[in-house]
Amino acid sequence: PLKKGYPEGHASLQRYLTVPVYIGARIVAVVGVANKETDYSQTDILQLTLLMDSVWKGVNRLDMEKALRESETTLKAVLQTTPIGIGLVTDGMFRWINDSLSVITGFSTDELLGKSPCVLYRADQEINQADIFTPMATGVTGRQTMETRWKRKDGSFVDILLSSSHISPGDPSKGMVFSAIDITERKLFQRDLEESEERMRLLLEAAPMGIRIATQGKYSYVN
């Protein structure tokens, strides 16, 4: 800071103008120009200020676009690795699905994109459940959850817990996102449990002796 003069090889400065670049009340850069043939004027200051303001906005926009791309890449990676099927439907067609949805349905991404969700339903009354994907199906709240059954590519069926939500609740035409959880094993366990309980009830009813079951001092079963 105590040195004077120019660094070795530096051009001689006859006239010099510096202008700060502001974002709000914060100085984010300083630009300098020099060696104009005549003195710098207020017009020069204004033009340089406007120029650098545009340049800085362009730089800032590029930074924002880069951050957005990185954010989208991260989000896609998260959506692709989750074990829950996730997709986007617009105009009644699949527009994007993750790998987990392909695993659940047995259809590849290319086989589902551009197709109606009806391809996952039987050609009987269950196809009406595909209406969950229509713009007005989820009502005012824009959200709906239901249990349904999907037909896989190989013809087998899977029980699905299906949730959907409008991207813009005020404008259903923008489409909706949905998630699909395979609950087939849970439903099988539930059916097995119910069948086991029914067999036990029948055995108790057929027993040649009186049977009472009490919990907390109250009878909960008497044959």
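**Exercise 1.** Which residue in strand 7 does Leu162 stand opposite?

*Solution.* Keep in mind that you're looking at a predicted model.
- Start with the strands: strand 6 and strand 7 pair in the antiparallel sense, over seven bridges.
- Now find the partner: Leu162 stands opposite Ala180.

**Exercise 2.** Work out how strand 5 and strand 6 pair, and find what Gly155 does in their hairpin.

*Solution.*
- Check the direction: these two strands pair in the antiparallel sense, with nine bridges.
- Pick out one facing pair: Thr148 sits opposite Ile160 of strand 6.
- Then go to the turn: the hairpin has five residues between the strands, and Gly155 takes a positive phi near 95 degrees there.

**Exercise 3.** Is Thr90 buried or exposed, and what does Thr90 touch?

*Solution.*
- Locate it: Thr90 belongs to strand 3, residues 85–90.
- Compare with the cut-off: buried means under 20% relative accessible area. Thr90 has 17%, so Thr90 is buried.
- List its neighbours: leaving out residues up to four places away in sequence, Thr90 touches Arg95, Lys174 and Gly175.
- Look at the side chains: a polar contact of 3.0 Å links Thr90 with Arg95.

**Exercise 4.** Find which residues have the most contacts inside the largest nonpolar core, and which elements build this core.

*Solution.*
- Recall the general idea: in soluble globular proteins, nonpolar side chains tend to be buried together.
- Find the core: the largest one has 17 residues, and Trp150 and Leu162 have the most contacts inside it.
- Trace the elements: strand 4, helix 2, strand 5, strand 6 and strand 7 each give two or more residues to this core.
- Don't stop there: a second, separate core has six residues, among them Val19 and Met52.

Methods:
Residues are numbered from 1 along each chain as its sequence is written. This is a predicted model: local features need pLDDT of at least 70, side-chain atom pairs count only at pLDDT 80 or more; totals for chains, interfaces and linings use all residues. Side-chain values use heavy atoms; hydrogens and water are left out. Helices (H or I, at least four residues) and strands (E, at least two) are DSSP runs, numbered from the N terminus. Buried means under 20% relative accessible area, exposed over 50%, partly exposed in between (1.4 Å probe, protein chains only). A polar contact is a pair of N or O atoms within 3.5 Å; within protein, one must be able to donate a hydrogen and the other to accept it, and residues adjacent in sequence count only if both atoms are side-chain atoms. Contact means heavy atoms within 4.5 Å. A nonpolar core is a set of buried Ala, Val, Leu, Ile, Met, Phe, Trp, Tyr and Cys residues joined through side-chain atoms within 4.5 Å. Two strands pair if DSSP finds at least two bridges between them.
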